[in-house]
Amino acid sequence: MKRENCKILVIGAGPGGYVCAIRAGQLGLDTIVVEASTPGGTCLNVGCIPSKALIHAAEEFHIAAHFAGENDLGISTTKPSIDLAKTVAWKDGIVKRLTGGVSALMKKAKVRSISGHAQIIDGKTVDVDTPEGTVRISTENLVIATGSRPQEIATLPFGGDILSSTAALSLDSVPERLAVVGGGYIGLEIGTAMAKLGAKVTVLEAASRILPQYDADLTRPIMKHLEALGVTVLVGAKAQGFGAGQLTVMTEEGSQKLSADKVLVTVGRAPATDGFGLEGLELTMNGRHLAIDNQCRTSMRSVFAIGDVTGDPMLAHRAMAQGALVAEVVAGGRRTWDKRAMPAVCFTDPEIVTVGMLPSEAPENEVAVFPFAGNGRAMTLGRGDGFVRVVYTKDSELVLGIQAVGVGVSEMAGEFALALEMAATLTDIADTIHAHPTLGETVQEVAMKGLGRALHI
Ligand code: FAD
């Protein structure tokens with residue numbers, strides 16, 4: 001058996017693991033990363049990047065289809081068609097470039113990469129199955145960055161016409177009728193893209209609203225847009241089984257059948273905690289996830305955990321920030337997790353961004369709202385729907401949360417997070433000159449509105 005030693009061993013090269021490994025390498029730590037599949041993890045291979053590529057292609061197609069009909073801009077074109085297999089090949093090309101980039105960055109940081117499935121022997125020993133045989137690695141510090149997998153429903157097992165998000169991002173043709181089980185952000189992003197590509201989409205959500213973690217004000221513009229796209233949304237609806245092109249759906253009114261060619265199941269993601277000897281470490285769990293402290297240490301001192309395996313919010317940028325933190329802690333840095341802001345974006349149509357507290361989470365505080373209808377740039381984009389909202393303390397005008405729903409608001413996530421991270425007050429934002437004409441002016445305006453001096457409303 002081949003043997004290796006290192007200071008820090010990372011299992012999983014997703015956004016958490018690869019960032020941890022690169023940062024560890026930069027800090028001069030002898031680092032090994034083990035990845036069973038392609039570097040980049042869920043995010044680069046079957047998550048963030050491929051879904052946004054599909055969303056972009058669908059939007060382009062939708063725009064082209066729009067201009068084939070009557071429109072205010074005076075543009076005319078012929079009815080477009082789509083070769084989805086070619087779109088998917090284009091998406092795969094982007095993924096390949098990015099995953100290749102991750103490998104190159106790890107190499108540049110002098111990280112040793114081992115391809116294969118890691119099996120934990122104990123807190124300082126891991127075996128890796130490689131085509132050349134087993135490699136036994138001894139490490140001073142172990143980082144679990146194994147991520148998550150799509151959650152199945154027992155009555156709707158993945159395979160055939162029942163799709164996980166992974167399968168839905170690699171279809172070679174647009175399904176005529178698509179049922180999406182689960183109205184969270186992943187289901188809505190892919191469902192909206194498919195509707196724009198011409199599928200007849202029905203979204204089933206067990207809760208009383210889509211995106212149930214957000215308030216109705218934030219989700220209303222999305223509901224309106226889904227309706228305009230011809231998407232049917234059934235709330236309080238549970239899918240129970242699928243056969244012969246019929247999905248059985250339970251609603252308050254009883255059981256009904258829904259015709260569908262494909263069923264996309266997006267009811268959450270399960271942490272990858274089994275199948276690699278983790279249970280042998282008997283680490284403290286937080287529900288299904290690994291429990292960690294404010295340095296991402298598990299209950300075993302030299303074993304760290306980062307990313308989706310540690311629970312919500314399961315987001316790539318959280319995994320990356322945790323990865324960098326762990327590398328710095330192992331290098332002797334006195335770092336702890338002290339983030340005030342964790343932006344979350346839904347790439348729906350329109351998009352939603354949330355950072356910090358929602359109004360319902362800070363009921364004793366103040367809220368100001370500014371609509372995109374009062375923003376010139378939104379008008380020039382033909383999209384005045386949505387708003388920016390700020391939650392702030394009454395006495396000191398400290399910003400506690402910022403949310404937005406509207407076209408292109410994902411690009412405002414950085415400004416929102418910066419405001420919270422730097423403990424901005426309304427005056428800080430209101431007195432910052434925002435370029436004209438940009439959607440970002442709404443952030444300045446909403447702060448001015450909170451201060452009682454909004455100009456464009
Ligand atoms: P992962 O990315 O899951 O990586 C874990 C890696 O570990 C995998 O490569 C796996 O092969 C490897 N591994 C597991 N076990 C072993 C083992 N025993 N041996 C060796 N290797 C192993 N997040 C966002 O922030 N923004 C988005 O827009 C967004 N969109 C998404 C869209 C979709 C469709 C999906 C599914 C997810 C999306 N996410 C998004 C979530 C994001 O992808 C995850 O939060 C992120 O990838 C988590 O990173 P991670 O490093 O914890 O784990």
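The following paragraphs describe the ligand site and then the salt bridges of this predicted model.

The ligand is surrounded by 37 residues, of which Glu35, Thr42, Lys52, Asp308 and Ala316 come nearest. The side chain of Glu35 places an N or O atom 2.6 Å from an oxygen atom of the ligand, and the side chain of Thr42 likewise has an N or O atom 2.6 Å from a ligand oxygen. A polar backbone atom of Leu315 lies 3.3 Å from an oxygen atom of the ligand. On its own the ligand has 990 Å² of accessible area, and the protein covers 93% of it.

Several elements supply at least two residues each to this shell, including helix H1 (15-26), strand S2 (31-35), helix H3 (48-67) and helix H6 (185-196). Helix H2 gives the largest share, four residues. By class, the shell holds 17 nonpolar, 16 polar and four charged residues.

Across the whole structure, 20 salt bridges are found. In one of them, the side chains of Glu189 and Lys52 meet at 2.8 Å, N to O. This pair links helix H6, which holds Glu189, to helix H3, which holds Lys52, across 137 residues. Glu189 is buried because its relative accessibility is 3%, under the 20% limit, whereas Lys52, at 24%, is partly exposed.

Glu4 and Arg112 form another salt bridge, at 2.5 Å, N to O. Here strand S1 (residues 2-11) is linked to strand S3 (residues 112-115), the two partners being 108 residues apart. Glu4 is buried at 16% relative accessible area, and Arg112 is partly exposed at 29%.

Finally, a network of salt bridges links Glu59, Lys196, Asp349, Arg383 and Asp385.

Key
Residues are numbered from 1 along each chain as its sequence is written. This is a predicted model: local features need pLDDT of at least 70, side-chain atom pairs count only at pLDDT 80 or more; totals for chains, interfaces and linings use all residues. Side-chain values use heavy atoms; hydrogens and water are left out. A residue is near a molecule or strand if one of its heavy atoms lies within 4 Å of it. A polar contact is a pair of N or O atoms within 3.5 Å; within protein, one must be able to donate a hydrogen and the other to accept it, and residues adjacent in sequence count only if both atoms are side-chain atoms. Accessible areas come from the Shrake-Rupley method with a 1.4 Å probe; for residues, only the protein chains shown count as cover. Ala, Val, Leu, Ile, Met, Phe, Trp, Tyr, Cys and Pro count as nonpolar, Asp, Glu, Lys and Arg as charged, and the others, Gly among them, as polar. A salt bridge is a side-chain nitrogen of Lys or Arg within 4 Å of a carboxyl oxygen of Asp or Glu. Buried means under 20% relative accessible area, exposed over 50%, partly exposed in between (1.4 Å probe, protein chains only).
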